[in-house]
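Student: I keep meeting labels such as "antiparallel" and "oblique". Could we go through a structure and ask what earns each label?

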Amino acid sequence: MSFLRDSYCRSFSRVRMEKYKFFHHTADAKFQAFGQTLEETFAHAALAVASLIWDWEKIAKNIEISVTVEGKDLEQLLVNFLEEILYLLDTRNFLLGSADNVSLEKNDGDWSLHALFRGDVYAGEYEIYGDVKAITYNEIVINDQAPFMVQVVADI
Amino acid sequence: MELKRIDANTWEIPKHADMKVPAVIYASEKLLAGVKGDKTLQQAKNVACLRGIQRKAYVMPDAHQGYGFPIGGVAAFDLEEGIISPGGVGYDINCGVRLLKTDYTEQDILDKKKLLLAEIFKEVPAGVGKGGTTRLSRRELEEVCTKGAEWAVANGYGMKQDLQKTEENGRMEEADPSFLSQRALERGAPQLGTLGAGNHFIEIQKVSEIFDFDVAKVFGIHSVDQIMVMIHCGSRGLGHQVASDYIRLMENKFGIRGLPDRELINAPILSDLGNRYYKSMSAAVNFAFANRQMIAHWVRQVFQKVMGSSEGMDQVYDVCHNVAKFEQHTIEGRVKKVCIHRKGATRSFGPGRREIPEIYREVGQPVLIPGSMGTASYILVGTSKAEELSFGSTAHGAGRVMSRHEARRRFRGEKIKEELEQKGIELRSTSWRSVAEEASQAYKDVDEVVRISHEAGIGQLVAKVVPVGVMKG
């Protein structure tokens, strides 16, 4: 079983899909995130937002924060999910290193999302090089069928 | 899209399709070419379609694409039929500029410039994740949001005279912090008295040119080489959260069907939600006024410590760049109260308006237009003509032309610092990457922006200032 998983990882890494990509946008940060599933795509969008403020690859995963957000539609769910990163930064100095175990659920037309944020509390040891004021609905796109993709513009 | 040239610097998108009024753009051919490259014009057209819009939708010379409204967009709405829109104010509510004068000259501070900047850098918390030195209880924070700069002065930050030289006297009376979400208060609590990051800055500047000596004198600007201090920041996470909260609440209440852009979501001014947004936005405006009041106080303390005196460091003015408010304007020959949205625009009231301080009432209000990092900034004066041409509004800055991502790819922070030093400009920042993102080449030419404001008559040139020391958030 572990052999199978290893070989899967290796073959997966050979064709590894990029997690996200930024585009030219005059005043703001516009990106697309990709994934094998919509859940993974949302997780990669979280990394894209983090990458505007700090280098998430360098963040030690010392603490875990369980996150739950809701939305009337997928777009609102995504915006609320990504806003959570900004909220946790402002209120707890939390720097996201990864967004794991993302799960999406639809109940009576409303969406909810659960995720586990792993990362560290900022105390001066990481470079913080940017600011994101808000996640906007501007040019927001969600492909909820394969190939999965979300497009977001952040106000920076 | 049809674009009609009205005169040298005025262009109009005639009323068509769902537009309720025409849209007017103040721009030179050069600035217009830039604007055509993004979605500014389409966004101006969308604004012109909103319910209750009065006279025209206006686009300032520094405009660029925003969300919903363009940045540099000005629109007024009828109080009964009209709407109020968080997207018409922006996420950084009351992002604005405060200018202090000094009686020092460049020569006076020459050998202390580095120290002044280092001390300001030490005193004023900046950068993301940097909390303020002031920890507030919920009750205190609500008081800040109710009283704005008045709270700061009452708590020992600055002087009473600063208040009358602040737009709205540093306090929007309609603010009601009981409408703020828990999250907005939580984000605001650690951030009062902080500069933030992005394009926010404190600059030690010198006057490099005076265009209108009489008006300059009224503003306290008396000579070339006079040292000034400019502070540019806003309402931090508290304001951002207010915008996000009310966009969501309005979407959930009114739905998004029929909106050309989801960020144009709005509520009738008379509705409960419209009213709650206005009062929450006003609370965020007050937070930002208090923020700049505290920072100005610390800057004065640094001058006191380093130079031996902070006497003469009077406030010239403090202006909002992102705000909605109720103002009286003449529309079709009738004076009426309307709800003005200024998103990336500065109020530019001319002589006589009762909203401006008595000492400036004969000449018009100071209009503060910061340039990009390392370039000039300008002090203009509001005009009566602006009231006819743009509901008393003009530009607010240089306006970006290049994404931060692209700027980071092209420029290096360390190199920029070197180049600025060669020009005699000291630079302190929390991050090199953020310096690269704010490279002046990533911005429009602010000289061109203010020239068009002047020529179009929506804000007249008074003085030009250039940086000698820059602290970037």
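Tutor: We take the labels one by one, and remember that this is a predicted model.

Student: How do you know how far to trust chain A?

Tutor: Look at pLDDT, the predictor's confidence in each residue. Chain A averages 88, and 88% of its residues score at least 70. Residues 1-15 of chain A are another matter: there pLDDT stays under 50. For that stretch the model has zero contacts beyond four places in sequence.

Student: What makes S3, S5 and S4 of chain A a sheet?

Tutor: Pairing. Two strands pair if there are at least two bridges between them. Nine bridges join S3(A) to S5(A), residues 110-121. S4(A) and S5(A) share eleven bridges. Both counts meet the cut-off, so both pairs qualify. The order is S3-S5-S4, and the sheet is open.

Student: Which strands are at the edges, and why are they called edge strands?

Tutor: They are S3(A), residues 63-71, and S4(A), residues 94-107; each pairs on one side only.

Student: Which residues face each other across the pairs?

Tutor: Between S3(A) and S5(A), A:Ile63 has A:Gly119 as its bridge partner. A:Thr68 stands opposite A:His114 in S5(A). From S4(A), A:Leu96 stands opposite A:Gly119. The pairing is antiparallel throughout this sheet. Neighbouring strands are turned by 20° against each other on average, direction ignored.

Student: What holds such strands together in general?

Tutor: Strands of a sheet pair through backbone hydrogen bonds.

Student: What joins S4(A) to S5(A)?

Tutor: They form a hairpin, with two residues between them. A:Asp108 in the turn has a positive phi of about 50°.

Student: What packs on the sheet?

Tutor: Helix H3 of chain A, residues 74-92, does. H3(A) touches S3, S4 and S5 of chain A, and its direction makes about 145° with that of S3(A).

Student: Now chain B. Why are H4(B) and H11(B) called oblique?

Tutor: H4(B) is residues 113-123 and H11(B) is residues 272-307; they pack at about 140°. Roughly antiparallel needs an angle over 145, and roughly perpendicular runs from 65 to 115. The angle of about 140° fits neither, so the pair is oblique. Their axes lie 9 Å apart, and the crossing is right-handed.

Student: Which residues meet there?

Tutor: From H4(B), B:Leu115 and B:Ile120 are among them; from H11(B), the residues include B:Trp298 and B:Val302. The contact divides into seven nonpolar, one polar and three charged residues.

Student: How do you know what to call H10(B) and H11(B)?

Tutor: Use the angle again. Their axes cross at roughly 170° and come within 9 Å. The cut-off is over 145, so H10(B) is roughly antiparallel to H11(B). Among the residues that meet are B:Leu249 in H10(B) and B:Phe287 in H11(B). By class, this contact has eleven nonpolar, three polar and two charged residues.

Student: What makes up the contact between the two chains?

Tutor: Chain B gives 37 residues and chain A gives 28. Several elements of chain B give two or more residues, including S4 (57-67) and H8 (182-188). H10(B) gives the most to that side, with seven residues.

Student: How does the side of chain B divide by class?

Tutor: There are seven nonpolar, 16 polar and 14 charged residues on the side that touches chain A.

Conventions
Residues numbered from 1 in each chain as written. Chains lettered and ligands numbered in written order. Predicted model: local features only at pLDDT ≥ 70, side-chain atom pairs only at ≥ 80, totals over all residues. Helix = DSSP H or I, 4+ residues; strand = E, 2+ residues; numbered from the N terminus. Axes fitted to C-alpha atoms, helices over the stretch in contact; angles between N-to-C directions. Contact = placed C-beta atoms within 7 Å. Nonpolar A, V, L, I, M, F, W, Y, C, P; charged D, E, K, R; others polar. Parallel < 35°, antiparallel > 145°, perpendicular 65-115°, else oblique. Left-handed = near helix turned anticlockwise from the far one by under 90°. pLDDT = per-residue confidence, 0-100.
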